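Subject: Handover of a structure and notes on it

Dear colleague,

With this message I hand over to you a structure, shown together with its sequence. Please keep both in view while you read the notes below.

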Amino acid sequence: MKIKIALNTKSRELSDSLEKVNGKARSATASAMDILNATEIAERQLAAFGISKSSRIGAELTYTSGGSVAKAYKYTRIANRIKAVRGGSFWYVTNIERVELFPNQDGGIKVGLNAEQEKIALAGVRAKFYTI
């Protein structure tokens, strides 16, 4: 599966894929707009690391839907885990799965870097400090 994530995408391929995976579940599951927002946050994180747009190709995003719930909530929630990869100009969804979150688990965004991107990010961090 490789679905382009973009605001102006005319096809409903992403929404249809989510509906197929989620079934009737709705409360803690992801929408196409949630995924678009996750990619925008990932772009801001990559920019904060000092990684240029041309060097972002190959970065990975794992987004898990569903926020926190009260400790008194004892049931599991159905959520989504979406994996995406950064292409030349856009992010592409590579996997959508249905997961169960326990009350002590939250959703969130994790960005993965390849070796070259990691070097750029570490160089940027090291440049802000000096050696004693």
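Helices, as the word is used here, are DSSP runs of H or I with at least four residues, and they are numbered from the N terminus. Please note that this is a predicted model.

Helix 2

I begin with helix 2, which covers residues 32–48, 17 residues in total. From its first C-alpha to its last, helix 2 reaches 25 Å, close to the 24 Å expected at 1.5 Å a residue. Just after helix 2 comes G50, which takes a positive phi of about 85°.

Which residues of helix 2 are buried? They are I35, L36, A38, T39, A42, E43 and L46. These residues lie on the same side of helix 2, because they cover an arc of only 155° around the axis. The face turned away from this buried side carries R44 and A48, both of them exposed.

What covers the buried residues of helix 2? The cover includes helix 1 (13–22) and strand 1 (3–5). It also includes strand 2 (60–64), strand 3 (77–86), strand 4 (91–101) and strand 5 (108–112).

The nonpolar core

In soluble globular proteins, nonpolar side chains tend to be buried together. In this model, the largest nonpolar core has 19 residues. The members that touch the most other members are I5, L14, I35, I82, W91 and V93. At least two residues of this core come from each of strand 1, helix 1, helix 2, strand 2, strand 3 and strand 4. Helix 2 supplies the largest share, namely five residues.

I5 is a useful residue to select on your screen. Leaving aside residues up to four places away in sequence, I5 touches I35, L36 and T39. On the same basis, I5 also touches A84, F90, W91, Y92 and V93.

Salt bridges

How many salt bridges does a search of the whole structure find? The search finds four. One of them joins the side chains of E43 and R86, with an N to O distance of 2.5 Å. E43 lies in helix 2 and R86 in strand 3, so this pair ties together parts that are 43 residues apart in sequence. Are these two partners buried or exposed? Buried means under 20% relative accessible area. E43 has 18% relative accessibility and therefore counts as buried. R86 has a relative accessible area of 5%, so R86 is buried as well.

R12 takes part in two further salt bridges, one with D16 at 3.5 Å, N to O, and one with E19 at 3.2 Å, N to O. Shared partners join R12, D16 and E19 into one network. The members of this network are partly exposed: R12 has 47% relative accessibility, D16 has a relative accessible area of 40%, and E19 has one of 42%.

Strand pairing

Strand 2 pairs with strand 3 in the antiparallel sense, over five bridges. Strand 2 also pairs with strand 5, again in the antiparallel sense and over five bridges. T62 illustrates both pairings: its bridge partner in strand 3 is K83, and its bridge partner in strand 5 is K110.

I suggest that you follow these notes in the order given, with the structure open beside them.

With kind regards

How values were computed. Residues are numbered from 1 along each chain as its sequence is written. This is a predicted model: local features need pLDDT of at least 70, side-chain atom pairs count only at pLDDT 80 or more; totals for chains, interfaces and linings use all residues. Side-chain values use heavy atoms; hydrogens and water are left out. The expected span of a helix is 1.5 Å times one less than its number of residues. Buried means under 20% relative accessible area, exposed over 50%, partly exposed in between (1.4 Å probe, protein chains only). The arc is that of the directions from the helix axis to the C-beta atoms. Contact means heavy atoms within 4.5 Å. A nonpolar core is a set of buried Ala, Val, Leu, Ile, Met, Phe, Trp, Tyr and Cys residues joined through side-chain atoms within 4.5 Å. Two strands pair if DSSP finds at least two bridges between them.
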